[in-house]
Structures are given as C-alpha cells and as structure tokens.
Amino acid sequence: MNPGISLTLFLTVLQVASGQKVTSLTACLVDQSLRLDCRHENTTSLPIQYEFSLTRDSKKHVLFGTVGVPEHTYRSRTNFTSKYNIKVLYLSGFTTKDEGMYTCELHISSQTFSNKKVSVIRDKLVKCGGISLLAQDTSWLLLSLLSLPFLFAMDFISF
C-alpha cells in the first residue's frame, strides 16, 4: 500500500475517533415530552452521523438519526435540533410505555466511535429548567458577566 495513502487514512481515522466523542447524555421532561441532550466533542470537519435509540425488553428501537431507520411509531413523535456540539431529541407524548435505556451514538461509516446511555423512568425524571438552557448556549451569560463592571461604572446597577 502507498505510504501516503496509509498516512492519510490513519490521520482521518485518528481525527474522527478523537473528534466525535459523546461527553454526556441527559434526560428531562418538558411538559409531556422527553428531552434528550446529547453533548459531544466536535473537533473534526467531517460530518457527524448519529442515532438516538431506546432499548426496552432487550429490543432496540431506533427513534431518530442518520444511521438507522427510525421505527414508524416514533417518527411522528420526534422533534430534533442540532448545534455545533449538542444534538437534542424531543419525544412527545412520553408515557411509562416509553421507559427504558436511551442511547445516543456517534458514527462514522459503519463503526460506532462513541455512545452514552441513560436510564429513563417517568416518575424519576426531572423537569427541564434553567440549568439545561444555560449549558446549551452560555454566550449570553458570559456577555452579561463581562459587562457587569461597565454597568457598575455607569451606575446602571448598584448594591
């Protein structure tokens, strides 16, 4: 094999393996919808393929993603959003029948490079709140904190 091709292939695999790692998977309840936040590293320019699934009674059910085919019963119930380093799946009409082990997987080709799992039981779910929103996009919070000295100097705020 050509050494140049071998090196290119090795660097590509190394870039993908180190740049597409799931860092956390959390679950919370928004009204009657389950929200799954799949946070991941994104240090690669290659497209990230992903899959959300539910394992219940030892059977895997694909909910949403670019890898597997979502099951018909979940297609109309899912809503998906994605940013640079987070993928968020909403499952509407969440009931005890939807309890189980949820998984977020990142893929390249047919290999799984990273996944995280979370066990979801309806009665033990927390309601989604400000913490989750802050963790998704902290730029406004950072801007607010950095502008405090200016606001004090201009007497817009005082203690």
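# Exercises on a predicted model

H61 is part of strand β4, which spans residues 59–65. Strands are DSSP runs of E with at least two residues, helices are runs of H or I with at least four, and both are numbered from the N terminus. The model is predicted: local features need pLDDT of at least 70, side-chain atom pairs count only at pLDDT 80 or more, and totals for chains, interfaces and linings use all residues. Residues are numbered from 1 along each chain as its sequence is written, and side-chain values use heavy atoms, with hydrogens and water left out.

## Exercise 1: the surroundings of H61

Task: State whether H61 is buried or exposed, and list its contacts.

Solution.

Step 1. Apply the cut-offs: buried means under 20% relative accessible area, exposed over 50%, and partly exposed in between (1.4 Å probe, protein chains only). H61 has a relative accessible area of 8%, so H61 is buried.

Step 2. List the contacts, meaning heavy atoms within 4.5 Å. Leaving aside neighbours within four places in sequence, H61 touches F52, S53, L54, R56, E71 and Y74.

Step 3. Look for a polar contact (a pair of N or O atoms within 3.5 Å; within protein, one must be able to donate a hydrogen and the other to accept it, and residues adjacent in sequence count only if both atoms are side-chain atoms). The side chains of H61 and E71 form one of 2.9 Å.

## Exercise 2: the open sheet

Task: Give the strand order of the open sheet of four strands and find its edges.

Solution.

Step 1. Two strands pair if DSSP finds at least two bridges between them. The order is β1-β2-β6-β5, and the pairing is antiparallel.

Step 2. β1 and β5 each have a single partner strand, so they stand at the edges and one side of each has no neighbour in the sheet.

Step 3. Ignoring direction, neighbouring strands of this sheet are turned by 15 degrees against each other on average. Axes are lines fitted to C-alpha atoms, for helices over the stretch in contact, and angles run from 0 to 180 degrees between N-to-C directions.

Step 4. For one pair in detail, the antiparallel strands β1 and β2 are joined by eight bridges. L29 stands opposite L34 in β2.

## Exercise 3: the largest nonpolar core

Task: Name the residues that touch the most other members of the largest nonpolar core, and the strands that supply at least two residues each.

Solution.

Step 1. A nonpolar core is a set of buried Ala, Val, Leu, Ile, Met, Phe, Trp, Tyr and Cys residues joined through side-chain atoms within 4.5 Å. In the largest one, with 23 residues, L34, L36, F52, F94, Y102 and V120 touch the most other members.

Step 2. At least two core residues come from each of β1 (22–30), β2 (33–40), β3 (49–56), β6 (86–91), β7 (100–108) and β8 (111–120). β1 gives the largest share, four residues.

Step 3. Among the contacts of F94, leaving aside its neighbours within four places in sequence, are L29, L34, Y102, V120 and L125.

## Exercise 4: salt bridges

Task: State how many salt bridges the structure holds, and describe the pairs of K60 and R77.

Solution.

Step 1. A salt bridge is a side-chain nitrogen of Lys or Arg within 4 Å of a carboxyl oxygen of Asp or Glu. The structure holds four.

Step 2. K60 pairs with E51 at 2.7 Å, N to O. K60 has a relative accessible area of 42%, so it is partly exposed, whereas E51, at 4%, is buried.

Step 3. R77 pairs with D98 at 2.6 Å, N to O. R77 lies in the loop between α2 (72–75) and β5 (78–82) and D98 in the loop between β6 and β7, so this pair ties together parts 21 residues apart in sequence.

Step 4. R35 and D37 form another salt bridge, with their closest N and O atoms 3.0 Å apart, and both residues are buried. R35, D37 and R39 are linked in a network of salt bridges.

## Exercise 5: positive phi

Task: Where is D57 found, and is D57 buried or exposed?

Solution.

Step 1. D57 is in the loop between β3 and β4. Although not a glycine, D57 has a positive phi of about 55 degrees.

Step 2. The relative accessible area of D57 is 73%, so D57 is exposed.
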